[in-house]
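Colleague: I should like to take a close look at one helix pair in this model, and then at the pockets. The structure is shown here for reference.

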Amino acid sequence: MPRQGVLVVSATRAEARHVPPGMRVLVTGIGKVRATLSLSRELVGGAPVTEVVNIGTAGALRDGVTGGDAELGLFLPSTVLEHDISSTELRAMGYEMTDRWDLPDGDGTVLASGDTFVADPVRRRELAEHAHLVDMEGCAVAHVSAEFGVPCRLVKAVTDNADEGAMEWPALVDAAARRLGRWLELNLVS
């Protein structure tokens, strides 16, 4: 039986395909705006939520990234950064900006999150200076969860190296979704 009050959030149906039966799932659509809007609507108008668990795929920004759940090849980031906002410049102009969220019970990895689908080796190297993984919704889910005071965990399956090979994502997502479903089964179903 799934734990009550847990909301599993996924950007795509493909990533959520193997979520165990009976779990509450929200498919937001790809990108920060869609994730923010969908999750905010659900937290305002849906049944009460005690924990948000964002499952999804990610690109590895560094060769040989290790950590997380080694058995399933999954990562539970401890920190998520919004990589495509000009926080430094906006802070210099006097605007308060939050572009980093620390998450409890993570594995030490850092996830860079933004609306850019990273498939460029140059951008990969730039992001690798600050993070281990990259996705497109994690920071939005963490931000909205924090605003609503709901605990949040991110669970990410690496499908590619955030380079030219990232364009093979459609062929790789099902295997990743199986691993994500298994993690949910092991950790959130009693």
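In which hand, left-handed or right-handed, does H1 pass H4 in their crossing? Please describe the contact of H1 with H4 in detail, and then turn to the pockets.

Modeller: This is a predicted model, and the description that follows should be read accordingly. H1 passes H4 in a right-handed crossing. Helix H1 spans residues 32-45 and helix H4 spans residues 138-148; their axes come within 8 Å and cross at roughly 30°. Because angles under 35 degrees count as roughly parallel, H1 is roughly parallel to H4.

On the side of H1, the residues that meet H4 are Lys-32, Ala-35, Thr-36, Leu-39, Ser-40, Leu-43 and Val-44. Their counterparts in H4 are Cys-139, Ala-140, Val-141, Val-144, Ser-145 and Phe-148. Sorted by class, this contact of H1 with H4 comprises nine nonpolar, three polar and one charged residues.

As to the pockets, the largest pocket has a volume of about 260 Å³. Its lining consists of 19 residues, and those nearest the centre are Thr-57, Phe-117, Asp-135, Met-136 and Trp-169. Strand E3 (51-60), strand E8 (133-135) and strand E9 (152-160) are the elements that give two or more residues to this lining. E3 provides the largest share, three residues. In terms of class, the lining of the largest pocket divides into ten nonpolar, five polar and four charged residues.

The second largest pocket holds about 220 Å³ of space. Its lining is formed by Leu-81, Glu-82, His-83, Ile-85, Asp-99, Ala-112, Arg-123, Glu-126, Leu-127, His-130 and Ala-131. At least two of these lining residues come from strand E5 (79-82), and at least two from helix H3 (121-128). The largest share, three residues, belongs to H3. By class, five residues in the lining of the second largest pocket are nonpolar, two are polar and four are charged.

Note on methods: Residues are numbered from 1 along each chain as its sequence is written. This is a predicted model: local features need pLDDT of at least 70, side-chain atom pairs count only at pLDDT 80 or more; totals for chains, interfaces and linings use all residues. Side-chain values use heavy atoms; hydrogens and water are left out. On a 1 Å grid over the protein atoms alone, a cavity is a set of points where a 1.4 Å probe fits but cannot get out, and a pocket is an open set with protein on both sides within 12 Å along at least five of seven lines; lining residues have an atom within 4 Å of a point. Grid points are joined across faces, edges and corners, and a volume is the space filled by probe spheres set on the points. Helices (H or I, at least four residues) and strands (E, at least two) are DSSP runs, numbered from the N terminus. Ala, Val, Leu, Ile, Met, Phe, Trp, Tyr, Cys and Pro count as nonpolar, Asp, Glu, Lys and Arg as charged, and the others, Gly among them, as polar. Axes are lines fitted to C-alpha atoms, for helices over the stretch in contact, and angles run from 0 to 180 degrees between N-to-C directions. Angles under 35 degrees count as roughly parallel, over 145 as roughly antiparallel, 65 to 115 as roughly perpendicular and the rest as oblique. A crossing is left-handed if the near helix is turned anticlockwise from the far one by less than a right angle, and right-handed if clockwise. Contact means heavy atoms within 4.5 Å.
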